[in-house]
Structures are given as structure tokens and as C-alpha cells.
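Q: Please pick one part of this structure and take a close look at it. Which residues sit there, and what do they contact?

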Amino acid sequence: MTETARTPAELGALTQSLLDDLALVTDEPGRVTRTYLSPAHARSIDLVGGWMRARGLTTGLDAVATLRGRRDADGGGAGRIVLLGSHIDTVVDAGKLDGCLGVVASIVALEEIARRGVRLPFAVEILAFGDEEGVRFPSPLSSSSAATGTYRREWLDVRDRDGISLAEALRAFGCDPARIGEAAIDPARVIGFLEVHIEQGPRLEDWGLPLGVVTSIAGQTRMGFTLEGMAGHAGTVPMGLRRDAFTGLAEIALAVERIGREGTSDLVATIGRVAVLPGAGNTVPGRVEASLDVRAGADAPRLVALDRIRHQAERIAKKRGLTVAFERHVDVPTVAMDDGLQDAFARAVLSLGLDTRRLPSGAGHDAMAMARRFPAAMLFVRSKDGISHNPREWSDPLDLGLAVEALIRTLLQLAEQERAR
Ligand code: HGY
Ligand code: MN
Ligand code: MN
């Protein structure tokens with residue numbers, strides 16, 4: 001029995017209400033922080049899995065704790081599959097939308113397709129990845145890497161701030177690291193991966209557009225680096241005799257900023273986390289541990305900037321009697337989105353009577369890991385003031401509903417193409 005199609009406003013209101021409920025699942029009361037394999041991650045799997053099961057999807061957890069909700073092809077059969085989804089882990093003090101929107105929009109879209117009595121000639125699987133951000137462990141995109149058979153075994157040995165290894169955390173979560181290989185999805189069966197995500201930038205708002213189609217995802221290098229100097233008494237060590245690791249970092253940080261500014265317009269370089277040790281106010285810092293995140297729309301400017309930063313850091317360290325060591329956590333090249341799926345998203349947006357434009361993504365996404373093995377595409381939703389990784393992250397619920405409707409229409413196009421194969 002078919003029901004009246006929900007309007008984009010109704011789809012948006014439903015999407016927003018689910019996002020509001022999911023945002024209450026946090027490791028830090030009073031703000032949204034949900035890191036990989038944390039108690040809040042477990043509770044979010046229960047909540048989102050319940051939404052999936054209530055809508056007739058069968059659910060399961062893979063070996064890296066990705067929640068998977070599946071609707072079989074109408075008429076059964078071991079046919080091909082369309083993958084949807086995004087990540088449900090967050091940064092610290094996050095907004096409600098980053099990642100979560102892609103999972104919730106997929107759930108609402110599949111429910112609406114069923115309400116409209118539409119049959120799909122392929123299976124659909126919604127993937128709720130638990131480790132896209134790489135906040136607890138330096139292992140960004142590890143869940144989607146497992147789904148594509150590109151998981152890096154060394155991630156299992158990385159440790160969080162409490163010294164717990166990723167492997168130990170997986171076992172404590174009830175997962176078996178020895179079975180990670182089984183999480184890989186056979187590319188021969190996959191039509192494509194579609195990810196709905198907030199833009200996290202200002203362009204759609206500047207253009208006055210609710211939706212945009214992503215052309216490529218900027219490559220990124222994320223590193224850790226350590227500066228070693230000499231801890232000393234703040235009251236007795238003369239300024240000229242100090243090997244102060246923090247002032248060394250300060251000079252390096254300004255060099256990073258200058259190099260970032262001097263590169264191509266889409267080159268960005270960020271030191272987002274710094275630990276000053278031993279951390280006493282009356283002690284000259286002897287050691288500093290910092291993060292470095294460098295991205296660009298193309299690989300060459302990013303790699304040139306990395307070389308320049310490393311050279312400047314070594315020069316400044318030497319001048320100050322410090323040593324510097326770098327550790328690479330992630331190095332992902334710029335990834336192009338699939339042309340055919342981009343066109344399908346664009347046709348869906350145009351069918352809504354909306355103008356559509358295409359734009360690159362400066363932020364990383366699970367789609368960049370999924371694109372290693374499957375055709376992948378992303379639909380961006382306008383971000384108010386371009387804000388993200390911030391509790392002020394917000395998109396108009398009508399824009400959310402338009403994205404759900406565009407996802408529905410994209411799936412209907414893929415269904416037509418599949419029937420015609
Ligand atoms: O950092 C990123 O690009 C993404 O938000 N994980
Ligand atoms: Mn993010
Ligand atoms: Mn994200």
C-alpha cells in the first residue's frame with residue numbers, strides 16, 4: 001500500500017528529529033563527543049540500529065564495529081548492491097550533522113522509498129562507520145578502509161591517550177581484529193557508494209544553493225611531530241642557555257602558517273593539537289608533541305608544502321638546540337568522485353527545480369576510502385556560515401529534506417539503469 005509522498009519539508013523535519021536524538025548520545029555530557037569504540041559509540045549503534053530494524057532493515061556489525069543496515073533487492077536474488085552511509089563518530093565538542101547526516105538521510109530515504117511502494121532491483125546497505133575522524137586513535141578512515149579491504153594492519157597497534165591499543169579496544173567492544181579481512185565488500189557486486197554530507201565550508205551559502213555535487217576530495221597528510229629540548233627551572237635557567245621545546249614549536253607553527261599561505265589557494269596547513277611537557281608553569285618545557293594536518297586540492301602542492309615544513313622545522317630545531325621527529329599517521333591522495341554518479345546526483349538535484357553546481361571537498365570523507373574500490377560520489381548540503389567541527393554547525397532542515405529527496409531520486413535513477421542492464 002503506497003502512502004502519500006512526504007514533502008522535502010517533512011523529510012527534513014524527520015531527519016532533524018533523528019539527528020537531535022543521536023546528538024544526545026555522547027561521551028561528554030553537555031557537548032557532542034562520540035569517539036571510536038567508546039561507550040557512546042556503542043549506544044549510538046544501539047540507537048541507529050534500532051531505527052534501521054524498525055524500518056525493516058536487517059542489521060549487523062562488522063569486525064571494525066561498522067553498523068550495517070541492509071534492505072535486500074525486491075524480488076530477492078544475490079544481485080548487485082548500492083552502498084550508502086557516512087560516519088557516526090565525531091570530533092570533540094562537535095555539531096550534530098558531520099557524518100551523522102549521511103547515515104540518517106539514508107535511513108529516511110529508504111523508508112520513504114518503501115512508503116511510496118517503489119521496488120529496487122538491487123540491495124541497499126547503509127554503513128555507519130565508527131572511525132572516520134581518527135580522534136581517539138590516529139587511524140582516520142579506518143572503518144571505511146576495512147570495507148574496501150585497504151585496512152592498515154599497523155593501525156591495530158596505535159594507542160589512545162590512555163595507552164589502550166586499537167586492537168585491545170576492538171576486542172573490548174566485542175570485535176575480533178583477526179576477522180577484519182571479512183569486512184571487505186566484493187567490488188564486483190557494488191554499483192556505487194553514495195554519501196550525503198554537510199559541506200563544512202561557505203561556498204554553497206555564497207552561491208545561494210542548498211545542494212552541491214562533489215567533484216573530488218582533497219588529499220591530506222596527517223602527522224605527529226615531537227620536539228625534544230631540555231626541561232629546566234623557570235627561575236634559574238638563563239634565557240640564553242635554554243633549549244625550550246615550546247618556543248621552538250611556536251617558531252615552527254608560524255613557519256607552517258606562512259608556508260600554508262604561500263601555497264596554492266586551496267592549500268591548508270594546521271597544527272590542531274599541542275601537548276607541552278612536562279606541563280608545569282615553573283618548568284621550561286623540555287618536550288612538545290604536536291599534530292600537523294596538510295591538505296590541498298591536488299597532490300603536488302601538498303607534497304611540496306610538506307617538504308618545506310619539514311625543512312623549516314629541522315632548521316629551527318637545530319638553531320635552538322632541539323631535536324625534531326615526525327610520524328606519519330595518514331597520507332591519502334586527492335580522490336576524484338565517479339563521473340556517472342556525480343551526474344546522477346546532479347540530475348536528481350535539477351529535477352527538484354534547483355540549480356546545481358559542482359565543487360571540490362577540502363574536508364576528508366569516507367568516500368575517499370570507498371573510492372579505492374567502488375564508484376563513489378557525494379552530495380553536499382549547505383552549511384550555515386560554513387561552520388563545522390563546532391557545536392554551531394547547522395543546516396536548514398528544508399535543505400536536509402531536499403538532500404533526502406535528491407538521494408531518493410538518485411536511487412530511482414540507478415534502479416532504472418539497473419533494470420535496463
Ligand atoms: O578532518 C576531516 O577532513 C574530516 O572531518 N574527518
Ligand atoms: Mn569531520
Ligand atoms: Mn565528516
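A: **A loop and its contacts**

Asp160 is buried, with a relative accessible area of 9%; the cut-off for buried is under 20%. This is a predicted model.

Asp160 has a charged partner, Arg136, and the two form a salt bridge in which the closest N and O atoms are 2.9 Å apart. Arg136 is found in the loop between β4 and α4, while Asp160 belongs to the loop between α4 and α5 (166–172), so the salt bridge ties together parts that are 24 residues apart in sequence. Side chains of opposite charge can pair in this way when their charged atoms come close.

The loop that holds Arg136 is the part to follow from here. Next, its aromatic residue. The structure holds 4 aromatic pairs. One of them joins Tyr36 and Phe137: the ring centres are 6.5 Å apart and the planes stand at 85°, so this pair is edge-to-face. The two rings come from distant parts of the chain, with Tyr36 in the loop between α1 (8–23) and α2 (39–54) and Phe137 in the loop between β4 (123–129) and α4 (142–147), 101 residues apart. Tyr36 is buried at a relative accessible area of 1%, and Phe137 counts as buried at 1% relative accessibility. Another edge-to-face pair is formed by Tyr151 and Trp155, with ring centres 5.1 Å apart and planes at 80°. Both Tyr151 and Trp155 are buried.

The loop between β4 and α4 also reaches a metal. The manganese ion (ligand 2) has three protein donors, Asp98 (OD), Glu133 (OE) and His389 (NE2), which lie 2.1 to 2.2 Å from the ion. Along the chain these donors follow the spacing D-x34-E-x255-H. Glu133 lies in the loop between β4 and α4, whereas His389 lies in the loop between β16 (376–381) and α11 (397–420), so the pair links parts of the chain that are 256 residues apart. How buried or exposed are Glu133 and His389? Glu133 is buried, with a relative accessible area of 7%, but His389 is partly exposed, at 42%.

There is a second ion beside this one. The manganese ion (ligand 3) is coordinated by His87 (NE2), Asp98 (OD) and His197 (NE2), at 2.1 to 2.3 Å. In sequence, the donors of this ion are spaced H-x10-D-x98-H. The two manganese ions, ligand 3 and ligand 2, are 3.5 Å apart, and Asp98 coordinates both. His87 lies in strand β3 (residues 81–87) and Asp98 in the loop between β3 and α3 (100–115), so these two donors tie together parts that are 11 residues apart in sequence. Both His87 and Asp98 are buried.

One more salt bridge can be set beside that of Arg136 and Asp160. The side chains of Glu168 and Arg159 meet in a salt bridge of 3.6 Å, N to O. Glu168 counts as partly exposed, at 38% relative accessibility. Arg159 also counts as partly exposed, at 47%. A search of the whole structure finds 36 salt bridges.

To sum up, the loop between β4 and α4 holds Glu133, a residue paired with His389 as donors to a manganese ion. The same loop holds Arg136, tied to the loop of Asp160, and Phe137, whose partner is Tyr36 in another loop.

Notes. Residues numbered from 1 in each chain as written. Chains lettered and ligands numbered in written order. Predicted model: local features only at pLDDT ≥ 70, side-chain atom pairs only at ≥ 80, totals over all residues. Heavy atoms only, no water. Donors = N, O, S within 2.8 Å, 3.2 Å for Na, K, Ca; no water. Helix = DSSP H or I, 4+ residues; strand = E, 2+ residues; numbered from the N terminus. Buried < 20%, exposed > 50% of the residue type's maximum accessible area, 1.4 Å probe, protein only. Phe/Tyr/Trp six-rings, centres within 6.5 Å; stacked < 30°, edge-to-face > 60°. Salt bridge = Lys/Arg side-chain N within 4 Å of Asp/Glu carboxyl O.
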